[in-house]
Each structure stands twice: as C-alpha cells, then as structure tokens.
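Colleague: I am new to this structure and would love a close look at one part of it. Could you walk me through it slowly, and then show me how the rest fits around it?

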Amino acid sequence: MLNPIDLAFKKAKKENRPALLTYTVAGDSTKNQSLIILNTISKHADILELGIPHNTPVADGSQIQTSAYRAIKNGIKIEDIFWIVKKYKKNKNPKPIILMGYYNMIFQYGEKNFLEKCKKVGVDGLIVVDLPWPENKSFAKKCKKKSIYLIQLLSPTTSKERLNKIIKDSHAMNYFISMLSTTGGKLKVSPKKIMLNYFKIKKINPKKNVVIGFGITEKSIKSLKKADGLVVGSAICKEISVSIQKRQNPVTNVANLVKKLKYKIL
Amino acid sequence: MKLKKGIPVIDQGNKLGFWGNKFGGNFVPETLKKPIEDLEILFNNLKKDKKFIAERDKYFNNWIGTPTRFIKLKNLTKHVGGAQIWSKVVSDANGGAHKIYNATVHCLLAKRSGKKIICGDTGAGYAGKMLSMAAKKFGLRCKIFMGAKDIERQQPNVRAMKKNGAEVIPVYSGSQTLVDAVSECMRFWVANCDTTAMCVGSTVGPAIFVRICGWSTSQISRELKVQLINEFGSIPKKLKLYNCVGGGSSSFGFWNEFMDYDKKQCEFIGVEAGGPAKSKRHAAPLTYSSKIGILHGAAQYVNQNSDGQIEETESISAGLDYPGISPLHCFLKDTKRARYTAASDEEALKAYKLVTKYEKLRPSLEPSHAFSVAIREAKKMSKNTIVVVNSCGDAYKDKKILRNRLGKKYA
C-alpha cells in the first residue's frame, strides 16, 4: 500500500500542479484552535505539516518562533500534539500529516515510544530539523519499519557527494531548503536559481518527490510551481499572529490565505 | 566510559563527535553541515601546523599577555586556616578574562578561511567583549548576540563591545539570557554561513566548537604547570584545582594539562551556579543530576522538563547562567575524573566579600562561586595541600550588581 504522502503527490501531479504543503505549529494559539485550523485548511492543502513547538529552535525565524512560544505559553504538551493528530485524522477526508520538530523532544519521549505513538494516531511522516544524515540513519530505519517517512532536508550548502548519499538513503520524499536562511527569511535568491538547484537534486533520483520550502509566500509561490511540492509555513504563522493582534479570527484568515496560495499554483 | 591517557581530551570523541559515545555530536540543521565540516578540516590541519602554532603563541604572548600571574593568597590562607590557597589570576589577560583565548583563535581561523565577518554569543559579556577586541585586531566585522536581560546587567562589557566597533544585537526571545543568545547566534549563522564565521563563546555547541574552545583555553593550564614547577620544584603531591563552571571553557582550560595525573594527586573541582538560595531554579545540571538532552547541537546534561523543553535558569552571574554544560564536563563527570558541586548566589557574594577583604584581588561573580567552595573545603585540608582557584574574570563588570547587593563599599 502506498503511503498517503505518495498518494497526495500522485493526485497533484494528475492535476498538473505542485502539491501544497502547509506548516502550522501544534497548539497555536491553543490546542483546539490549531485542530480547527487543520480541519479548515484541509480542503485546500495536500499535505499538512504540524510543528512540534520547542523553546530553543536553532533553525526557525521569528514568525515560527512567535507561534511556538505562544503555543508553549498556552500549555501545549507533546501528548496534546498526538491528540490533535488523532482528532484530525477523524476528518472525512484527512490529508497526510507530517510532524516537524527538534530531536530533543523525540529523544526525551524515547524513539521507540514516539514512533509507536505516531503510528497509532496516524502520523505519516517526520522531519527532524537537527538530526541530519548520517546521524539519522538508525532513526530512519526505525521510521521505515513503521511505514513512516523520515523526510531528509537538503540545503544549498549540501555538497554533490553528500546529496547523492542522502538521497540514496532517503525515503520517498525530500525537502529542499531554498536558500541560506532560517525559516521565513526574505527570499534572497531568485526563483530561477532555486529551480535550477531543485532540478539538479531532482535529477539524482527523479522518482523521489522533492518539495521546496523556506521563504515561500503568496508572492513567490507561482514562480516555483514546477516543483513536486511547495511548503508555506512562516507566512501562515504570521497570519495567525496578525489576526490575534487585530482581534480577528485566525481560522478564517488562515483558510483564506491557504485558498489563495492554492489558487496561485493551479 | 573511560578517559584515555596520552590523548588530548578534545580529541577523544568518536567519528561523529561524541565523547564516551554519548556526549556532544552534531545536532545541527543540514545547512550547517558543510561549514562545520570545513571548519573541522581547517582546524585539524592547523593544529598540527607549526607555523600556525607559532602565530597563535605570538598573539598569546605579545597581545594577550602570558603568563597570567600565579599568586599565593597569604592573608586569605591565614584567615581560613588549612590548605594553602593560591590563585591563577587569569583576569590579568588582555580584556580581563579567559574568553580572549578562544576569541583570538576563532579570529585567526576566520582569517585563514577568508571570512570577513565573525558572529558570537555572550552571557556575561566577556566572550563578546573579547571577540570584539580580537575582531578589531584582525580586521573582521563583528556581530555579538546578547540576551536583553544580560545587556541590562552587564553594561560595562556592552560599552566595551560597542567601543571596539562591534554591533551588539539584543535577543528578546525566551529568558533573554545566554541560552537565547546562543540560539540566535546559531540562527544567524544558518542564514549567513557563506560569508560569516561563528565563534561559540564556550566549550559548548557542535563538537568542533567544543574542541576549538578547549584547545584555546588550555593555555591556562600550560602556564600553570610551569608556574607550579617553578614554585614547588614539581607538581605538588596534593593539588586541588577549583574553577567555576558555566559552559565550562575556563575550567576545562585550567585542568587540561593535568588530565593524566592521578586524581588523588590533582583533583578537579567544578563549581556550578546554584542560583538564589531560596529559588528552585539553578544553572547546575551536573550537581543536580539533570537528564541528558540536546541543546545547541550537542548531547549533554541539561535542565529541561519531561517534554524536553529547556528550562529557564537563574543565577546572579550571567556567565554561569546556562541550562546546559559542555560535553567535555559531562565526560569528565561520568568518568569520575572531576567532581562537581554548586554554590548559591549568596555564597558567591560572601566569598567575594571575603576575598576582597583579605587580598588585592577582585574576582568577578563567576569565580567567586569557585572561591566559595574552595574556602569552605580548604579549612578541612592539611597545610601541604595546594588549593588553586582560577580567578578567570574581573569584578569590574559586576559593579552594578555588587552595589545593589552589598552596598557602595564593594562596588
């Protein structure tokens, strides 16, 4: 049986468009609200990334940090995150869920327990920001046994030799970081250049899906639409922050944003 | 877990950078893999390069000033009764603290790699001040990340950094102290690693930074070894080396050359920050047996909750106010080579009062923690025991806190 992540890419390809991946922080701004957001954007997004908030994030820019600190301040615990996934998966047409976080949270839960719990609630993939290859080799194997994809990150600084090795060991999906930046940085490289790098990676193994993330907004998403998938995170987190600031409903605003993003890549 | 003899501790990690297969490593975002690998290759080559060593020593001797004094605290010894109390006055070094060694080496490395900008973190402000000095000396642009709370409480060092032309970037996230400054500095490096070198201010962070820092501060024990032999004819039969431990850079450097001696002869005592006596918060993960976790790219004992969120610390000394601890010290603790304990804010202040009352020495709040335990323990020791406390920083930066806590007389 195909992993739901593969199915999502297949469906997008059939429609001749990239898959749209959203990223929100679990528990932002509350447990319930983040579940409602997932259910609402589910219609427009193909894959949902859900961030595990951590208080010493070394790769996240200010937007995602703000979301993470807000969620932690409002009391989110790792068990709540599993609860959110479990509840969301009861949606009539649930999309694949990818949990994204930092290794210490998994380490404290215990790799084995964490993966068992992921499997039980319906997590389809994992991104562990600070567990790069080859350090993640043994964890990747454990994920595979549970049919959970461990998604490898690839960066503009990753050497050709290293790219080959990582992609060879990778599961069916990889994540290309568009530029040297933390999440949500201003796009400082031209989309043309990003796509050039993207195709270099794609060529190594065309069968594996590669998504692009970091710095993608409503403005830039269209110019990257030749990719297998595009991730929008910080722009969504920012929308939540702004909505709260303006005392507007984050759920409606985020839903509108995701709808617009989808429209741009159709 | 075993310490090997004849091999420098910084080189005892495994292939992936873990000491004792457990502490350290490289838990970093993919983007940093390449710059870290580049730095590893550069450092591994240069540390074998005689020309580079000569260059390092030239700056250490002529610019930092070596050796720093090794003095007997006669009056304090008399007052305490018991062991002889000595001090290695590392605060003699240019800039007033041991952080200058690591900063100088990082700038030398940055020059070799062709980088024009160097960024660094700071808690007490010493790492930042020294990096700004070294950057100025070597013609590099300098960016210092510092928690907003620390900027407020360590103004003299902030002024020094700015005077040296560094840009001081306040960090407002989290607890607004060292832990957040290190995170923000690492984030900056993620986004700018093509043009910028990073200097981690202590023996923490990804393995290569732990090694570079430990290699740099080891100058302290190289000097001390010579000074001990000059003074006593040989390494004393009973030697106790007391040092405060925050990230662990000064203590590691203070002990390194004595690593292979039997601990019955050369004992290492690390003093962590116990925080305010009445508070449950502390910055002493080794003393209070915090669980192992990952912080700033390395596996280490670290204050955290059951979910793995890093906990806020509390200490009167900004330089020790860090929830984690160097992987090197985790290794020295688990191999039982060093012993770790803590002193509270109040105990450190009391020790500061005592030392300044009897001696012409003004240890900053960080080494005052070490003095507190040394004084307490020296009382019970024989006269032929040599206690050496590393006075690794000067109290000038603590003026404001000392005035508030002890009154004008002590500021």
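Colleague: How many residues line the second largest pocket, and which of them lie nearest its centre?

Modeller: Happy to help, and please keep in mind that this is a predicted model. The second largest pocket is lined by 20 residues, and those nearest its centre are Ile216(A), Thr217(A), Glu218(A), Ala235(A) and Lys238(A). Two elements of chain A, helix 10 (234–245) and helix 11 (250–265), each give two or more residues to this lining. Helix 10 of chain A gives the most, with five residues. By type, the lining of the second largest pocket divides into five nonpolar, nine polar and six charged residues. Its volume is about 520 Å³.

Ala235(A) is a good place to pause. This residue lies in helix 10 of chain A. Setting aside its neighbours within four places in sequence, Ala235(A) is in contact with Ile216(A), Thr217(A) and Leu257(A). Ile216(A) and Thr217(A) also appear among the residues nearest the centre of the pocket. As a guide to distance, Ala235(A) and Asp6(A) are 25 Å apart in space, C-alpha to C-alpha, and 229 residues apart in sequence.

For context, let us turn to the largest pocket, which holds about 680 Å³ of space. Its lining counts 25 residues, and the closest to its centre are Lys15(B), Leu16(B), Lys33(B), Glu37(B) and Glu40(B). Both chains take part in this lining: helix 8 (160–169) of chain A, and helix 1 (30–46) and helix 9 of chain B, each supply at least two residues. Helix 1 of chain B has the largest share, seven residues. The lining of the largest pocket is made up of eight nonpolar, six polar and 11 charged residues.

There are also enclosed spaces to look at. Across the whole structure, a search finds seven cavities of 30 Å³ or more. The largest cavity has a volume of about 320 Å³. Around it are 30 lining residues, with His98(B), Lys99(B), Gly247(B), Ser249(B) and Gly319(B) nearest the centre. The elements of chain B that each give two or more residues to this lining are strand 5 (117–122), helix 5, helix 8 (178–192), helix 11 and helix 14 (365–378). The lining of the largest cavity divides into 13 nonpolar, 14 polar and three charged residues.

Now for chain B as a whole. Its secondary structure comes to 15 helices and 14 strands. The radius of gyration of chain B is 19 Å, close to the 22 Å that the globule rule gives for 411 residues, so chain B is as compact as a globular protein of that length. Its C-alpha atoms fill a box of roughly 55 × 45 × 45 Å along the principal axes. Of the 411 residues in chain B, 66% are buried. Among contacts in chain B with a separation of 6 or more, 74% are between residues 24 or more positions apart.

Two helices of chain B show how this burial looks up close. In helix 2 (residues 50–65), the buried residues are Phe52(B), Arg56(B), Tyr59(B), Phe60(B), Trp63(B) and Ile64(B). They pack against helix 1, helix 4 (99–113), helix 5 (126–138), helix 9 and helix 10 (219–232) of chain B. At the start of helix 2, a side-chain oxygen of Asp49(B) reaches to within 2.9 Å of the backbone nitrogen of Lys51(B).

Helix 12 (residues 327–334) of chain B is mostly covered, with six of its eight residues buried. Those six are Pro327(B), Leu328(B), His329(B), Cys330(B), Phe331(B) and Leu332(B). The cover over them includes helix 9 (207–217), helix 11 (249–255) and strand 12 (298–301) of chain B. Ser326(B) caps the N-terminal end of this helix, with a side-chain oxygen 3.1 Å from the backbone nitrogen of Leu328(B). After the helix comes Lys336(B), whose phi is positive, near 65 degrees.

Strand 12 of chain B brings us to a last residue, Gln300(B). Gln300(B) has 0% relative accessibility and so counts as buried. Its side chain reaches the backbone oxygen of Ala298(B) at 3.1 Å. A polar atom of that side chain also lies 2.8 Å from the backbone nitrogen of Ile325(B). Beyond its neighbours within four places in sequence, the contacts of Gln300(B) include Phe23(B), Tyr322(B) and Cys330(B). Cys330(B) is one of the buried residues of helix 12, which links this strand back to the helix we have just visited.

Note on methods:
Residues numbered from 1 in each chain as written. Chains lettered and ligands numbered in written order. Predicted model: local features only at pLDDT ≥ 70, side-chain atom pairs only at ≥ 80, totals over all residues. Heavy atoms only, no water. Buried < 20%, exposed > 50% of the residue type's maximum accessible area, 1.4 Å probe, protein only. Helix = DSSP H or I, 4+ residues; strand = E, 2+ residues; numbered from the N terminus. Contact = heavy atoms within 4.5 Å. Polar contact = N/O pair within 3.5 Å; in protein donor to acceptor, adjacent residues only side chain to side chain. 1 Å grid on protein atoms, 1.4 Å probe; cavity = no way out; pocket = protein on both sides within 12 Å on 5 of 7 lines; lining within 4 Å. Points joined across faces, edges and corners; volume = space filled by probe spheres on them. Nonpolar A, V, L, I, M, F, W, Y, C, P; charged D, E, K, R; others polar. Rg over C-alpha atoms; globule rule 2.2 N^0.38 Å.
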